[in-house]
Amino acid sequence: MSTCIVESTTVDSSDGVKLKTRIFKPKEDDEIKDKLVIVLVHPYSILGGCQALLRGIAVSLAEKGYRAVTFDMRGAGRSSGRASLTGFAEIKDVITVCRWVSDNLSTDRILLVGSSAGAPIAGSAVDEIKEVVGYASLGYPFGLTASILFGRHHKTILQSPKPKLFVMGTRDGFTSVKQLQNKLRSAAGRVETYLIEGAGHFQMEGPAYDAKMANLIITFVESLQDN
């Protein structure tokens, strides 16, 4: 049984798309450890990605004292609109939800977290939102095949001066460890990587890894407080 509160709302984007959004938070306000809010961006909508895939991580974050927000991007889950093939329309959704979080959850600090294809989409939004103080990627698809769809997103996050964390399984079918390391060589600012030995791409997205992902995100958040 969850020991956190989950609230649902609908956030309207500037082009009229209605984004179904959930806020996860500790049961008591005095249990909130940090004003920072963690916004999670789900995997590829075209392949069935939706905010429900991130519920386990969001619950774990809330149970550990952090507010987390998930949402269905356009055309996914219960949101309106149509999903795009390359994820560029969805950047607007990430910006919209982050601005709503800033306005409604009394925060000027957001950590943006992207899972799988949500990672390049979130990465392209990072420098568009002044409240975003850091970025975490869970299984960024840097590999050659995935780059056909998402390659135009790479440059934006790699050039961002904001602190970045890249989490990946060593058996990720979309990106090899070498490909990840080669990409990050050119990255600006503070860059951290965390490799999960033996984990595949979709395996790492599964519920067995939710608590691990939440702990890695929290460790990164706590390191940002020291800056």
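Biologist: Two strands pair if DSSP finds at least two bridges between them. How many bridges join β1 to β2?

Modeller: First, the ground rules. This is a predicted model, in which local features need pLDDT of at least 70, side-chain atom pairs count only at pLDDT 80 or more, and totals for chains, interfaces and linings use all residues. Residues are numbered from 1 along each chain as its sequence is written, and side-chain values use heavy atoms, with hydrogens and water left out. The strands β1 and β2 run antiparallel, and the bridges joining them number nine.

Biologist: What counts as a strand or a helix here? And which residue in β2 is the bridge partner of C4?

Modeller: Both are DSSP runs, numbered from the N terminus: helices are H or I with at least four residues, strands are E with at least two. By DSSP bridges, C4 is matched with a residue of β2, and that partner is P26.

Biologist: β1 and β2 form a hairpin. Which residue in the turn has a positive phi?

Modeller: Five residues lie between the two strands. One residue in this turn has a phi of about 90°, and that residue is G16.

Biologist: How many salt bridges are there?

Modeller: A salt bridge is a side-chain nitrogen of Lys or Arg within 4 Å of a carboxyl oxygen of Asp or Glu. By this rule the count is eight.

Biologist: How far apart in sequence are the parts tied together by E7 and K25?

Modeller: E7 and K25 form a salt bridge, with the closest N and O atoms 3.1 Å apart. E7 sits in strand β1 (residues 4–12) and K25 in strand β2, so the pair ties together parts whose separation in sequence is 18 residues.

Biologist: R74 forms a salt bridge with D93. Where do the two residues lie?

Modeller: The closest N and O atoms of R74 and D93 are 2.7 Å apart. The pair ties together parts 19 residues apart in sequence, because R74 lies in the loop between β4 (67–71) and α2, while D93 lies in helix α2.

Biologist: Is D93 buried or exposed?

Modeller: Buried means under 20% relative accessible area, exposed over 50%, and partly exposed in between (1.4 Å probe, protein chains only). R74 has 6% relative accessibility, so R74 is buried. D93 has 0%, so D93 counts as buried.

Biologist: Which residues are linked with R74 and D93 in a network of salt bridges?

Modeller: The R74–D93 pair is part of a network. Its other members are D15 and K92.

Biologist: How far apart are the closest N and O atoms of R190 and E192?

Modeller: R190 is partly exposed at 25% relative accessible area, and E192 is partly exposed at 31%. They form a salt bridge, and the closest N and O atoms are apart by 2.5 Å.

Biologist: Why is strand β6 largely enclosed by the rest of the structure?

Modeller: β6 covers residues 132–138. Strands β5 and β6 pair in the parallel sense over six bridges, and V113 stands opposite A136 in β6. The strand is largely enclosed because, of its seven residues, the number buried is six.

Biologist: S116 is a residue other than glycine with a positive phi. Is S116 buried or exposed?

Modeller: Phi of S116 is near 55°. S116 is in the loop between β5 and α3 (118–125). Its relative accessibility is 8%, so S116 counts as buried.

Biologist: S106 is not a glycine, yet has a positive phi. Is S106 buried or exposed?

Modeller: Phi of S106 is about 50°. S106 is in the loop between α2 (88–104) and β5 (110–115). With a relative accessible area of 53%, S106 is exposed.

Biologist: How far apart in space are T175 and P163?

Modeller: T175 is in the loop between β7 (164–171) and α5 (177–184). T175 is buried, with a relative accessible area of 1%. T175 and P163 are twelve residues apart in sequence, and C-alpha to C-alpha they are apart by 21 Å.

Biologist: Where is L47, a member of a nonpolar surface patch?

Modeller: I46, L47 and L85 form this patch, with about 330 Å² of accessible area together. Areas come from the Shrake-Rupley method with a 1.4 Å probe; for residues, only the protein chains shown count as cover. Patch residues have over 30% relative accessible area and no salt bridge; like charges are joined within 9 Å, nonpolar side chains (Val, Leu, Ile, Met, Phe, Trp, Tyr) within 5 Å. L47 is exposed at 68% relative accessibility, and its place is the loop between β3 and α1 (55–63).
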